[in-house]
Amino acid sequence: MIQAHPKFAVVGHPNKGKSSIVSTLAFDDAVQISDTPGSTTKRQSFPLKVDGKILYELFDTPGFQRARRVLAWLEKHDVSADKKHEVVQAFINEHKEDERFRDEIELLEPIMSGAGIIYVVDGSKPYGEEYEAEMEILRWTGQPSMALINLIDDTNYVEEWKRALGHYFKMVRVFNPMEADFTQHLNLLESMAQLNEEWIDPVKASITLFKQYHDQMLEQSARTVTQLVYRSLSHVERQSLDHEEATVEEKETIRSNYKEALRRYEQESQKKIEKIWNHDHLQKVQESLLFEGMDLFSKESASIFGLTRKELLITGATGGAVTGVGIDLLLGGSTLLLGSAIGALVGASGAFFGFNELSDVKILGQNLGKKYLEMGPMKNLNFPYILLNRALYHASEVASRSHALRSVAKFEMGKSFTDRWMGDSIRKSLEKFHSKFRSGDEVKAEELKEYESLILTALKNIID
Amino acid sequence: MNLTSYLDLYELLQEKKNEREENRAFGLEHVKYKQDPVTQLLFWIKKHTSRLKRPLMSETFSSYLYSMTLTLVIIAFFLGFFSGLGLLSYSGHEPVNVIYFMAMVVLLPLVTMTLTLLSMFRANASQSLLVHISPAFWMEKMLRFLPKNVQSSLQELKINPLLSNWLIIKRSQLLALMFSLGLLVALLGIVITKDIAFAWSTTLQVSPKEFHSLLHTLAFAWRDVFPWAVPSLELIEQSQYFRLGEKLDTQMIQNASKLGEWWKFLAFATLFYAILLRFGMWLLSMFGFKKALKRSFLSLEGVSTLLREMNEPIITTTAVEEKKNVVPQGSHYMQEVEDLDSSYDRTLGWAMSEEELRVLNDSMQVITPMAFDVGGTNSLEEDSEIISKCKGEVLFYVKSWEPPTMDFVDFLEELTRGVDKVILAPMGTVEDAYLPKAKELEMWGRKLQQISSDKVWLKR
């Protein structure tokens, strides 16, 4: 049979993690996963599409419910091996409207229309003889098949399962959808391609595309984090003023509006990243990603994600020195590098005093017109690191989170996270950009691109 | 690409419409412009401008800019014209000192053009002092005198600082050009309508020869082509004027007709320094503005996403339709037993071997006259035969971790027709000492709720 694209039906006993596997392979957290058997009642298609063209298609199917009855019907027909698949088709045709076999029909139909079989079992529970009827039915279909041992719990019965499955399937693989990383994901796809010679090329093309897709997601995340840092650091909050001096309340309002805007930027950015990685449903079931109780401006946040006072002094000095070097260069070095030294000193003291401050509240205006209160751009040297660490932490957690997980994510954050990606050299490079973002000057697209590539490298290092 | 397309793109991107598929389709249609993002964006703007609300922000801004510029241009022209009239005002008692006029048409343009060049280098700074001292910048603050609705629509507009700086620089050059034209018109007008005696006068110790040399240098651009537009040494000597004595030099009076010759030099100086060079600066500022526009165009927030959406393939792996499954609620089955009795009429094991069943009975200390393994590899007929042998109270072992299938439910329903009571006992694995996990018991509880038979009891 000539097929438009390879298809794979994920089948098995109820509640053995079929939906989890599909969810992981399809990067889709919308798949309903439940510990109640029979929660999947209709098969669902998960096509891998590129510009609308399907490269391969996965089917999530309901579990076998009356396998013994189906097998009994099939075995009533004494036919040779080459006719067995016709008997299965005859069963489907005869029982299409029969409510009792609804689940079996749902799972057999894609197989009979050419889908490869991926039979899923739970390797953390002992093998049982009740599986044999299901495996026998699948053998009757005559379609290429493989078995996937999913480890739902900690106990391990993999060897016993391998021995049993070996009688029915040529290929048996262990795959844990909750913990599988991207490489394991691609390895599984490669195994699936081996089921049928004709599928090797399209699945290989899909693997290449998946890599491209993964790179796209990483790049988009880096771009989102870059935008967040740039927007937050350069943000200026304005409030018009009807009188000469601002009242305490007015100053407080602008401070709180300023903080609120930055919080909003962070939330928007997090949502965007969750969308990029197809974790749209994450927030519905968990709030931990909002770093509950750990506000952007809280002390906890600063102590975990920010730089220490010492690191800040070094960072500030570096930033100042860079400016100073500019002066030295301008004056042809006749300052005997005094510019750098003074710059470093000014930068360091700025860092020291700017540790807890965010930005000044200024009253601006001109003689002709109205006055207004202004807060921003960000002055605090520690803030970009707090923001960046939080953003990278969130992005890396979302990127490596399995789409099969429905539990509340536990984030165990620590100072060590910063050490995973930020060395002295990257901090220096970042600071150069942070001071540019803070200046409010025009930031060229190329500069943002350069910053983005720093973030991308950091993100890749964290995820790897 | 112009300011209008920039503003249209800005407004379209502000809409934040999610149209990934549409953008990709557009990208595929215009794939030949993939390497030319600006052209691709211009086509995109053309396609989508119709969906924006009228009046367009670009129309409001352009019309505001046009009327402001026109007003300022007229003001600058008349300012130049009247300044020229003032500088050239001649009462007949004293000749007109050309130094004033030269300062206005040579020195002032040279100084302001130098500042402009510096501001061009610093145009990317949002707080460039050089840009902010420009009259055009402050005049622009007249925005607040516009109607409120126009003000509010323009206040939302956040133009890239680089672009707004170049806009100011460009406009300043145009104003300066108009001012200079005003000066030239005033000069020509006065020359035509009056006879003016020009002279030069300074407190500094400058000899006519030195002054001639200075003027010769200043006239470098036209002295070879129009030598008559450069004052001769003789004219300079004749037109040197000292106020002391309150009388005109007799030599000057004798050469009165010659003193008017200065106008040619002044006209050419105005034409070259104040107009031609300024025109050059204006062209330079237009070039800089174009470059800034292109840069700002590509650095507008949302542009990189838009270009990516147009030029990167859409890869989707997710389901076309989100499925809503009905998950049964509840976990507590009403008919539950805490402990097992010491004996039952029959014991059954679902998908268990006879040996496993015996071990389970021993371990639960249950005595039974007959024990059967059902389900599993049994045929349906074998199961029916076992059911026919069952009566009274039945203890039915099931594997707690295996979810009850409809095959099991069918069996249970058939079984309950012939017996008085069924105690369903989910058993854990050997490793767990046959103890079922709480969530497994909940799963069995939910399933039995669905079956809802008063003969079936769940062992917790």
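The following paragraphs describe a predicted model, moving from chain B as a whole to one of its helices, a surface patch and the largest nonpolar core.

Chain B contains 19 helices and 9 strands. Half of the chain is enclosed: of its 460 residues, 50% count as buried. Its accessible surface comes to about 23600 Å², and carbon and sulfur atoms account for 59% of that area. When the contacts in chain B with a separation of 6 or more are considered, 81% of them link residues 24 or more positions apart.

Helix H19 of chain B shows how one element is set among others. This helix covers residues 438–451, 14 residues in total, and its span from first C-alpha to last is 20 Å, close to the 20 Å expected at 1.5 Å a residue. The buried residues of H19(B) include the nonpolar B:Leu441, B:Met443, B:Trp444, B:Leu448 and B:Ile451. Also among them are B:Glu440, B:Arg446 and B:Lys447, together with B:Gly445. The cover over these buried positions includes three strands of chain B, E7 (393–399), E8 (421–427) and E9 (456–459), as well as helix H18 (406–418). After the helix comes B:Ser452, which has a positive phi near 50°.

Attention now turns to the surface of chain B. In soluble globular proteins, nonpolar side chains tend to be buried together. Here, however, a nonpolar patch lies on the surface, formed by B:Leu107, B:Val111, B:Leu115, B:Leu117, B:Leu118, B:Phe121, B:Leu284 and B:Phe287. Together these residues have about 780 Å² of accessible area. Two helices of chain B, H5 (98–121) and H14 (262–299), each supply at least two residues of the patch, and H5(B) gives the most, with 6 residues. One of the patch residues, B:Leu115, is found in H5 of chain B. B:Leu115 counts as partly exposed because its relative accessibility is 35%, a value that lies between the 20% limit for buried and the 50% limit for exposed residues.

The interior offers a counterpart to this patch. The largest nonpolar core has 80 residues, and those with the most contacts inside it are A:Phe8, A:Met192, A:Phe210, A:Leu388, A:Leu392, A:Trp421 and A:Leu430. Helix H8 of chain A, residues 200–234, provides the largest share of this core, 12 residues. For A:Leu430, the contacts beyond its neighbours within four places in sequence are with A:Tyr385, A:Leu388, A:Trp421, A:Met422, A:Tyr451, A:Leu454 and A:Ile455. Both A:Leu388 and A:Trp421 are thus partners of A:Leu430 and are listed with it among the core residues with the most contacts.

Methods
Residues numbered from 1 in each chain as written. Chains lettered and ligands numbered in written order. Predicted model: local features only at pLDDT ≥ 70, side-chain atom pairs only at ≥ 80, totals over all residues. Heavy atoms only, no water. Helix = DSSP H or I, 4+ residues; strand = E, 2+ residues; numbered from the N terminus. Expected span 1.5 Å × (residues − 1). Buried < 20%, exposed > 50% of the residue type's maximum accessible area, 1.4 Å probe, protein only. Contact = heavy atoms within 4.5 Å. Patch = residues over 30% accessible without salt bridge, like charges linked within 9 Å, V, L, I, M, F, W, Y side chains within 5 Å. Areas by Shrake-Rupley, 256 points an atom, 1.4 Å probe, with all protein chains shown as cover. Salt bridge = Lys/Arg side-chain N within 4 Å of Asp/Glu carboxyl O. Core = buried A, V, L, I, M, F, W, Y, C linked by side-chain atoms within 4.5 Å.
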